[in-house]
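Please read the notes below with the sequence and the three-dimensional view open beside you. They are meant to be followed slowly, one point at a time.

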Amino acid sequence: MPSEKRTNFIREIVKQDLKSGKWGGRVHTRFPPEPNGYLHIGHAKAICLDFGLAEEFGGKTNLRFDDTNPIKEEEEYIRSIIEDVHWLGFDWEDRLYFASDYFEQMYEYAEQLIRIGKAYVDDLPPEKIREYRGTLTTPGKNSPYRDRPVEENLDLFRRMRAGEFEDGSRVLRAKIDMSHPNMNMRDPVIYRILHARHHRTGDSWCIYPMYDWAHGLEDSIERITHSLCTLEFEDHRPLYDWFLDQLGVYHPQQIEFAPLNLTYTVMSKRKLKQLVVEGLVDGWDDPRLPTLSGLRRRGYSPEAIRAFSDEVGVAKKPSLTEIELLEHCLRTDLNQRALRVMVVLNPLKVTIRNYPEDQEEWLEADNNPERPEDGTRQIPFGRELWIERDDFREEAPRKYFRLAPGREVRLKHAYYITCVDVVKDEQSGEIQELICEYDPETKGGWSQDGRKVKGTLHWVSARHAQPIEVRHFDHLFTRKNPNEVESGKSFLDYVNPDSLTIIKGAMAEPSLAEARPGMYFQFLRQGYYSLDGKLSTASHLVFNRSVSLRDSWGKKQGS
RNA sequence: UGGGGAGUCGUCUAAGGGUAGGACAGCGGAUUUUGGUUCCGCCAGUCGGGGUUCGAAUCCCUGCUCCCCAGCCA
């Protein structure tokens with residue numbers, strides 16, 4: 001369906017609402033991250049949905065930090081989240097909000113809830129509250145403090161705010177129904193005492209609102225129309241609705257969709273954080289992580305991630321998407337834009353014995369055959385070259401059309417060469433060098449006589465080669481779904497010990513010295529690569545492989 | 001055995017009484033100065049059982065399976 005925009009059930013609801021005039025023709029969404037970790041590609045799906053929907057229907061989207069728990073939240077996360085959403089290409093204009101900006105208003109609403117007899121201060125300790133809540137199959141029972149008079153509740157709640165009580169000694173709870181089949185409705189806690197410094201409000205509060213209380217109010221205050229969230233909040237919707245109905249305030253519609261899961265990785269912030277804290281990866285932006293900063297460092301483009309978000313769709317079915325789809329989206333984007341360069345990862349020396357000793361020439365190479373307007377560059381050629389060790393076989397299997405003794409191949413953009421001799425180490429038998437001859441009539445890689453050369457190799461002039469470090473990545477986990485753990489094990493037991501391969505002696509053509517982070521390269525015949533801005537120095541360039549090229553030959557060999 | 005959700009090719013996702021479509025993956029082939037790209041083709045699905053209907057993925061009944069919920073996290 002190239003011309004038709006892909007639809008989904010939420011988009012249909014929005015279209016329906018627009019038609020019926022339910023929200024006065026408005027579409028106003030929000031992306032509400034808690035600043036307690038870095039954003040990952042699952043968030044990207046939500047961001048694309050929130051911003052994409054508003055964009056499509058002429059609406060607006062707020063970026064709102066849901067910063068109601070000072071114990072877990074940090075400034076660094078706010079910074080990274082802002083950077084990541086911008087990088088993805090979305091703009092919230094002047095609508096950057098913080099839940100903490102509404103604390104006073106939320107507090108007043110809480111007093112209102114107390115006044116209408118729908119909230120009370122409970123002196124039960126945490127264990128007792130849990131005990132009184134009952135279980136999934138048995139009803140809970142009322143707290144002995146449940147029927148305190150309004151005035152007492154008001155007084156106690158004000159004193160909670162004033163800091164008279166210790167953490168955990170009292171809470172404010174909604175008065176709903178302790179035997180409700182939905183656990184969330186069994187008098188949920190709406191304020192807890194936390195003598196903790198908040199990154200924005202400092203020490204002005206020692207009571208903080210709980211998610212269920214805060215979130216609907218935030219949405220209401222901001223006049224959100226469609227409040228999109230993931231499936232696990234489906235159970236919370238009755239509570240979301242209950243609070244807003246009790247207060248009689250503006251009431252957005254919460255709609256839930258299935259979160260994104262990808263094979264061979266984990267998506268929960270808790271687990272990602274654990275990998276970071278335990279030093280199993282190189283920070284939140286480790287290129288093996290599905291974090292947006294990790295993907296960026298690995299060389300993913302925001303366009304690829306947005307295309308992927310469109311591609312996975314939106315539904316309510318819990319799903320596990322194959323990572324291959326993400327990789328496909330990256331290849332599709334990078335094929336169009338990546339600059340082609342030649343890099344030899346595992347060098348094997350080639351001497352062209354009929355090429356003059358001191359001669360060198362500069363040959364023209366296109367930067368991107370998919371986009372001629374990207375022009376050409378000059379690459380140096382000489383008597384001594386590096387080619388890929390893998391591109392030579394002493395004994396060529398059937399269908400192998402790379403270099404072998406007596407065989408002729410094309411050096412991309414250069415000449416046809418024929419292997420005439422193989423130099424080996426006497427002791428080990430290891431191939432040390434290939435002696436070849438070139439055909440001067442094939443400059444540029446064409447022959448006049450029209451003879452066929454099936455194989456084309458990439459190469460680098462030894463004298464001009466720029467040594468670089470290259471990093472290849474494999475899945476971070478050995479299991480398709482590392483969240484499915486056998487008893488007695490943890491997801492950490494499935495971390496892939498071989499997820500990072502460092503290649504030290506790669507040889508690059510000189511133009512790669514101009515590489516900067518954020519530039520996309522295709523190392524010819526190998527894959528897409530990007531400069532690692534964190535590890536590279538002026539004299540030591542490190543390139544990360546974003547994704548390999550598809551390899552139908554290697555696939556055939558491997559099986 | 002409480003409540004809330006969900007079941008369509010291997011994976012993701014359309015179709016909402018009228019030919020089950022697309023993408024990824026896989027498999028073949030053509031083109032190719034990247035064994036890339038591009039192009040063409042193939043493979044492959046409505047959870048089971050009843051019912052309503054000329055006609056059911058869609059409506060009804062029933063069964064099964066999977067996911068989420070017992071934080072003073074979000």
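The numbered points below go from the chain as a whole to single atom pairs.

1. Please keep in mind throughout that this is a predicted model, and that the distances quoted here are computed from it.

2. Chain A is divided into domain 1 (9-257), domain 2, which is built from two stretches (269-340 + 468-551), and domain 3 (343-458). Between the centres of domain 1 and domain 3, taken over C-alpha atoms, there is a separation of 64 Å.

3. Around RNA strand B there are 71 residues, and those that come nearest are Lys317, Arg402, Gly444, Gln522 and Arg525. On the side of the RNA, sugar and phosphate make up 64% of the atoms of strand B that come within 4 Å of the protein.

4. If the residues of this surface near RNA strand B are sorted by character, 26 are nonpolar, 19 are polar and 26 are charged.

5. Several elements each supply at least two residues of the surface near RNA strand B, namely helix H5 (126-132), strand S6 (189-193), helix H11 (302-312), helix H12 (323-337) and helix H13 (552-558). The largest share comes from H12, with 4 residues.

6. Which parts of RNA strand B do His413 and Gly445 approach with their backbone atoms? A polar backbone atom of His413 is 3.3 Å from a base oxygen of the strand, and a backbone N or O atom of Gly445 lies 3.0 Å from a base oxygen. For Asn69, a polar side-chain atom lies 3.2 Å from a sugar or linking oxygen of RNA strand B.

How values were computed
Residues are numbered from 1 along each chain as its sequence is written. Chains are lettered from A and ligands numbered from 1 in the order in which they are written. This is a predicted model: local features need pLDDT of at least 70, side-chain atom pairs count only at pLDDT 80 or more; totals for chains, interfaces and linings use all residues. Side-chain values use heavy atoms; hydrogens and water are left out. A residue is near a molecule or strand if one of its heavy atoms lies within 4 Å of it. A polar contact is a pair of N or O atoms within 3.5 Å; within protein, one must be able to donate a hydrogen and the other to accept it, and residues adjacent in sequence count only if both atoms are side-chain atoms. Ala, Val, Leu, Ile, Met, Phe, Trp, Tyr, Cys and Pro count as nonpolar, Asp, Glu, Lys and Arg as charged, and the others, Gly among them, as polar. Domain bounds come from an automatic or database domain assignment.
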